[in-house]
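Visitor: Could you take me in for a close look at one single part of this protein? I'm new to this, so keep it relaxed.

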Amino acid sequence: MMSGETGAQNAITPMQTVVNSIRQRIAAACQRSGRDTAEITLVAVTKTVAAEQIRAAIAAGIKVLGENRVQEAEAKMLALSDLRSQLEWHLIGHLQSNKTRKAVALFDAVQAVDSEELAVRLNQLAAESGKRLPVFIEVNLGDEDSKAGIAPASALPLIEKISQFSHLQLQGLMAVPPYLEDPNAVRPFFQKLRNLRDEALKSGIAAPTFQHLSMGMSHDFEVAIEEGATFVRIGTALFGARNYSL
Ligand SMILES: *Cc1c(COP(=O)(O)O)cnc(C)c1O
C-alpha cells in the first residue's frame, strides 16, 4: 500500500499535538534537572472544559484528570463513564464539608486536604465505603488570605496526624503558589514545598506512601519539575483559556 493512502487514519489531532508538546516540555525540564520523565504525572485540569474536549485529551493519552468542583466533575464523569476504568480523577479544589461524601464516592484522590477536620471526615467516609483514599495536604506557601491550604508551619503536625489514619493514604504535598509573571520567581515557593516534604521524610513521621509534590501549572510547570514536582496540574496550556461563563 502506498503510504499516502493511510494518511487520513494517521492524522494527528490538534489535541494530540498539544499533548505531545507539553510532554516534550516535561521531558526537557526533566533532562535539565537530571530526572526521569516516569516520575512525573501530568494531571489535565478540566474545570470549565466540556466532556467531549476531555475525551479528545484522553484519546491523546491523558490518564489523570483534575477537577475543582464535585458537582461539575460528577456530570463529566457520567458523560465519560465508558472510560472510567482507564482514568484517575483527582479533586484539586477546596472541598466543602457537605460535599465530602460524594467526593469520596467519586474521586480516586483528593489533593486539597487543608484541615484535620476534613481529614477526619474523609477517613470516616472512606472507611464506610471500604476504601483507602489517596490524599495530598495542600499548603498555602505564600500565606495568601485568598487561598486555601494550611500554613507551612502547620504542615508537619498534620502530616504526622494523617499518616496514622487507617483509610487515608497520604501521598504528599500540594500547593498553588502566588502567581508571578516570571516563572523563575516562583522557584523559592516550590523549593519551600520540597523542603517541607524532605523535612517530614527525614523526621520519620510520614506514611511510607508520602513522597509526592503536586506543584506547577501551565505557566510554571517546568520550574516546578526542576524543583522536584512529581505531579504537574495543567489546564490552560492544554485546553486554552477558560470560559467561566459557560
Ligand atoms: C485551575 C487549576 C490548575 C490549572 O491551572 P492552569 O494555569 O490553567 O494550568 C491547577 N491547579 C489548581 C488547583 C487549579 O485550580
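Guide: Let's start with T100, which is buried, because its relative accessible area is 0% and buried means under 20%. Bear in mind that this is a predicted model. You'll find T100 in helix α5, which covers residues 100-106. So who keeps T100 company? Setting aside neighbours within four places in sequence, T100 is in contact with L95, L118, R121, L122 and L125. There's a polar partner too: a polar atom of the T100 side chain lies 2.9 Å from the backbone oxygen of S97.

Now hop over to another threonine, T48, for a contrast. T48 is partly exposed, with a relative accessible area of 22%, and T48 is found in the loop between β1 (41-45) and α3 (51-59). Its backbone is worth a look as well. Most residues other than glycine have a negative phi. T48, though, has a positive phi, near 70 degrees. D143 also has a positive phi, near 50 degrees, and D143 lies in the loop between β5 (133-139) and α7.

Follow that loop and you come to helix α7, residues 155-163, which packs with helix α8, residues 187-203, at an angle of about 50 degrees, their axes 10 Å apart. That angle makes α7 oblique to α8, and their crossing is right-handed. Where they meet, α7 brings A155, L156 and I159, while α8 brings L196, E199 and A200. Sorted by class, that contact has five nonpolar residues, one charged and no polar ones.

Key:
Residues numbered from 1 in each chain as written. Predicted model: local features only at pLDDT ≥ 70, side-chain atom pairs only at ≥ 80, totals over all residues. Heavy atoms only, no water. Helix = DSSP H or I, 4+ residues; strand = E, 2+ residues; numbered from the N terminus. Buried < 20%, exposed > 50% of the residue type's maximum accessible area, 1.4 Å probe, protein only. Polar contact = N/O pair within 3.5 Å; in protein donor to acceptor, adjacent residues only side chain to side chain. Contact = heavy atoms within 4.5 Å. Axes fitted to C-alpha atoms, helices over the stretch in contact; angles between N-to-C directions. Parallel < 35°, antiparallel > 145°, perpendicular 65-115°, else oblique. Left-handed = near helix turned anticlockwise from the far one by under 90°. Nonpolar A, V, L, I, M, F, W, Y, C, P; charged D, E, K, R; others polar.
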